[in-house]
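Here's a quick briefing to read alongside the model. Have the sequence and the 3D view open as you go.

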Amino acid sequence: MDATEISKSRKVMFLDKDSETNATTSMTTAMMEDTQDNRSVTEVALALVKDAIAVAVQFVEEARNPIKNIKWITHGEFTVEKGRKQIEKFVLVS
């Protein structure tokens, strides 16, 4: 059977190797660019999430354990008993 005898219902497309290679190369390049874009987006998203989590943890810790501002005694007012009481007060409110 030669080429003139092939029925018209059968359609065959012949590609030369160069056009097939170019199409494959273009698809591969596009996929690599998409992968690199996805990596960049993922890195930025990961950095944002880490920052948000760190801020949230700090906020919760501060809400649980608020630091009270204590008026500390001066060196002229210091005695062993006053120092002990100040430290106890600090430990109780911290």
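What follows covers the overall make-up, then the salt bridges, then a nonpolar patch.

Keep in mind that this is a predicted model. The chain has two helices and zero strands, and just 3% of its 94 residues count as buried. The points below mostly deal with helix 2, which spans residues 80-93.

**Overall surface**
- The chain's accessible surface adds up to about 9,200 Å².
- Carbon and sulfur atoms account for 62% of that accessible surface.

**Salt bridges**
- Searching the whole structure turns up two salt bridges.
- One pairs Glu-81 with Arg-84, with 2.3 Å between the closest N and O atoms.
- Glu-81 and Arg-84 are about one helical turn apart, because they sit three residues from each other in helix 2.
- Arg-84 also bridges to Glu-88, where the closest N and O atoms are 2.4 Å apart.
- That second pair is in helix 2 too, with Arg-84 and Glu-88 four residues apart, or about one turn.
- Put together, Glu-81, Arg-84 and Glu-88 form a linked salt-bridge network.
- As for accessibility, Glu-81 is partly exposed at 38% relative accessible area, Arg-84 is partly exposed at 39%, and Glu-88 is partly exposed at 41%.

**Nonpolar patch**
- Trp-72, Ile-87, Phe-90 and Val-91 make a nonpolar surface patch of about 400 Å².
- Val-91, one of these patch residues, is located in helix 2.
- Val-91 has 54% relative accessibility, so it counts as exposed, the cut-off being over 50%.

Definitions and conventions
Residues numbered from 1 in each chain as written. Predicted model: local features only at pLDDT ≥ 70, side-chain atom pairs only at ≥ 80, totals over all residues. Heavy atoms only, no water. Patch = residues over 30% accessible without salt bridge, like charges linked within 9 Å, V, L, I, M, F, W, Y side chains within 5 Å. Areas by Shrake-Rupley, 256 points an atom, 1.4 Å probe, with all protein chains shown as cover. Salt bridge = Lys/Arg side-chain N within 4 Å of Asp/Glu carboxyl O. Buried < 20%, exposed > 50% of the residue type's maximum accessible area, 1.4 Å probe, protein only.
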